[in-house]
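Have your viewer open and your selection tool ready? Let's walk through this one stop at a time.

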Amino acid sequence: MFGIDGREIAGFGSRIPYWVSTTEAGGWEIGAAELTQIVVQALDPLCAQMRMQKMRPAAVAIDTFWHSILGVAADGKAVTPVLHPFDSRSAAAAKKLALRIDNARQHSRTGCVLHSSYPPAKLLWLSEMQPKAFHAAKGWLSFGEYLFLHLFGAAACSTSMISGSGLWNQNANDYDHEMLDALPIKIEQLARIDEMDRPQTKLSNDFAQRWPELDGIPWFPALGDGACDNVGSGCTECDRFALMVGTSGALRACAQAQSIEIPPGLFCYRVDRKRFVLGGALSNGGEVFAWMRRTLQLPDADEIERQLAVLQPGKHGLTILPLFAGERSTGWRADARAAITGLSVSTTPIEILHAALESVALRFRNVYELMTPSLGVPKEVIASGGGLLHSPSWTRMMADTLCHTVIPCLEPDATSRGAALVAFERIGAIRDIGELSAQLGDEVRPDEAKKEIYVAALENQRRLYRKLFEE
């Protein structure tokens with residue numbers, strides 16, 4: 001819970017971990033009813049906490065992961081699982097879609113490339129590989145829409161969520177009709193434009209009785225998690241870049257404008273109808289750290305930090321492409337995979353981890369170099385996400401590779417805070433989402449002595465990428 005000052009209120013909260021089902025073929029999915037039940041179970045203790053304190057919130061704000069898709073029948077029951085952005089089974093469908101529609105032109109409109117991360121490829125894949133389920137679907141929803149359908153009896157979609165679907169023309173603020181014409185779906189199966197961003201207030205009877213504290217107040221449709229992270233970490237203008245490393249990673253900037261030119265290689269979605277969010281996404285962020293720690297049987301976090309702190313860049317002689325889950329920005333190759341070169345009999349596990357963390361930072365440098373020509377060099381780069389902030393050594397690597405000061409965001413949950421700030425603006429409690437500053441830590445400045453080392457490392461990584469995937 002967040003107060004009107006934008007600060008998290010102590011003593012309130014509930015977290016339930018969950019896991020998706022994965023397959024060797026690249027599947028990443030979870031049952032819609034299962035995920036909904038997890039949300040419901042998480043809200044129960046939160047409402048009990050409010051009841052104990054005799055508190056009632058002014059509104060409910062929600063964020064969920066962008067790019068999810070599921071089909072529902074006429075009765076509202078799910079006929080497909082929730083397909084996660086990491087589900088890569090539609091990679092071949094994305095290539096087939098590129099024969100129907102010009103990728104560069106549609107990217108300049110939708111801000112999304114033809115890639116397995118996005119719903120267009122998944123919809124085509126479902127129509128071909130799971131035709132029975134596909135034809136049973138009378139509507140196509142994000143998970144946030146399905147959640148509202150379950151709680152209120154009516155789905156609700158935000159501009160933010162639909163903007164990350166690959167079906168939305170960013171500058172027109174409307175569906176991209178050329179994309180829809182290339183897909184085996186109808187616009188009637190998608191969220192209605194005139195109902196987008198409209199809050200729901202009346203929970204269904206069962207949930208109204210279960211959560212009286214949450215009934216009769218505005219519930220705003222789910223926003224994209226990346227947009228909320230920018231807002232919650234204070235990066236609401238284009239001169240502040242948000243650097244987020246959780247399981248995956250992203251470097252983003254917000255821009256309030258009537259229209260925007262979308263550079264090749266970057267994504268462009270929306271916070272709301274007046275704000276864009278532009279940047280690049282990595283499928284491989286904190287999960288690279290987790291994989292290395294698990295596979296190399298590394299010691300506990302404190303000992304890892306102690307060992308990393310004394311290592312120097314370039315001494316390990318390794319070049320790594322950390323594409324364990326394929327590639328999004330900047331090449332958007334779903335078929336790309338990780339590679340490690342330069343191993344010798346004297347290479348140690350901590351050196352491999354060191355090189356891997358540097359390699360992720362170098363991938364962020366690629367995104368940074370695509371963003372600055374159109375947005376300019378940022379005044380500040382604000383870092384958030386547990387994957388990064390739990391490792392001061394990794395934060396220093398980010399500053400060194402970007403050649404820019406990095407400032408940690410100390411907000412416990414920048415993404416949830418961002419959703420709350422957008423809701424506060426919507427109900428008129430604040431004038432603008434940028435007026436309540438985020439709590440920030442001490443600056444981490446780049447080491448000038450390491451600049452040329454990382455320039456050379458970046459070129460080595462790019463050369464390896466070209467060798468493996470382009471030549």
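**Stop one: a salt bridge out in the open**

Start by selecting Lys467, which is exposed, with a relative accessible area of 57%. Now add Glu471: this residue is exposed too, at 70% relative accessibility. Show both side chains and you will find a salt bridge between Lys467 and Glu471, whose closest N and O atoms lie 4.0 Å apart. Keep in mind as you look around that this is a predicted model.

For a group of charges, select Asp272, Arg275, Glu425 and Asp432, which are joined into one network by salt bridges that share partners. How many salt bridges does the structure hold? The count is 32.

**Stop two: two more charged pairs**

Next, pick Glu128 and Lys96, another salt-bridged pair, with 3.1 Å between the closest N and O atoms. Colour by secondary structure here, since the pair links distant parts of the chain: Glu128 sits in helix H4 (residues 119-129) and Lys96 in helix H2 (residues 91-97), 32 residues apart. Buried or exposed? Glu128 is partly exposed, at 34% relative accessible area, and Lys96 is partly exposed at 35%.

Then move to Asp335 and Arg333, whose side chains meet in a salt bridge at 3.1 Å, N to O. Asp335 has a relative accessible area of 42% and is partly exposed; Arg333, at 27%, is partly exposed as well.

**Stop three: a pair of crossing helices**

Switch to a cartoon view and select helix H10 (residues 225-232) together with helix H16 (residues 414-426). Their axes come within 6 Å and cross at roughly 85 degrees, so H10 and H16 are roughly perpendicular to each other. To see what touches what, show the side chains on both helices. H10 contributes Asp225, Cys228, Asp229, Val231 and Gly232, while H16 brings Ala414, Thr415, Arg417, Gly418, Ala419, Leu421 and Val422. Colour this contact by residue class and you should find six nonpolar, three polar and three charged residues.

**Last stop: an open sheet**

Finally, look for the three strands that form an open sheet in the order S1-S2-S5, with antiparallel pairing. Strand S1 (21-22) and strand S5 (82-83) are the edge strands, each pairing on one side only. Zoom in on strand S2 (residues 28-30), which runs antiparallel to S5 and is joined to S5 by two bridges. Which residue of S5 is the bridge partner of Ile30? Select Val82 to see that partner.

How values were computed:
Residues are numbered from 1 along each chain as its sequence is written. This is a predicted model: local features need pLDDT of at least 70, side-chain atom pairs count only at pLDDT 80 or more; totals for chains, interfaces and linings use all residues. Side-chain values use heavy atoms; hydrogens and water are left out. Axes are lines fitted to C-alpha atoms, for helices over the stretch in contact, and angles run from 0 to 180 degrees between N-to-C directions. Helices (H or I, at least four residues) and strands (E, at least two) are DSSP runs, numbered from the N terminus. Angles under 35 degrees count as roughly parallel, over 145 as roughly antiparallel, 65 to 115 as roughly perpendicular and the rest as oblique. Contact means heavy atoms within 4.5 Å. Ala, Val, Leu, Ile, Met, Phe, Trp, Tyr, Cys and Pro count as nonpolar, Asp, Glu, Lys and Arg as charged, and the others, Gly among them, as polar. Two strands pair if DSSP finds at least two bridges between them. Buried means under 20% relative accessible area, exposed over 50%, partly exposed in between (1.4 Å probe, protein chains only).
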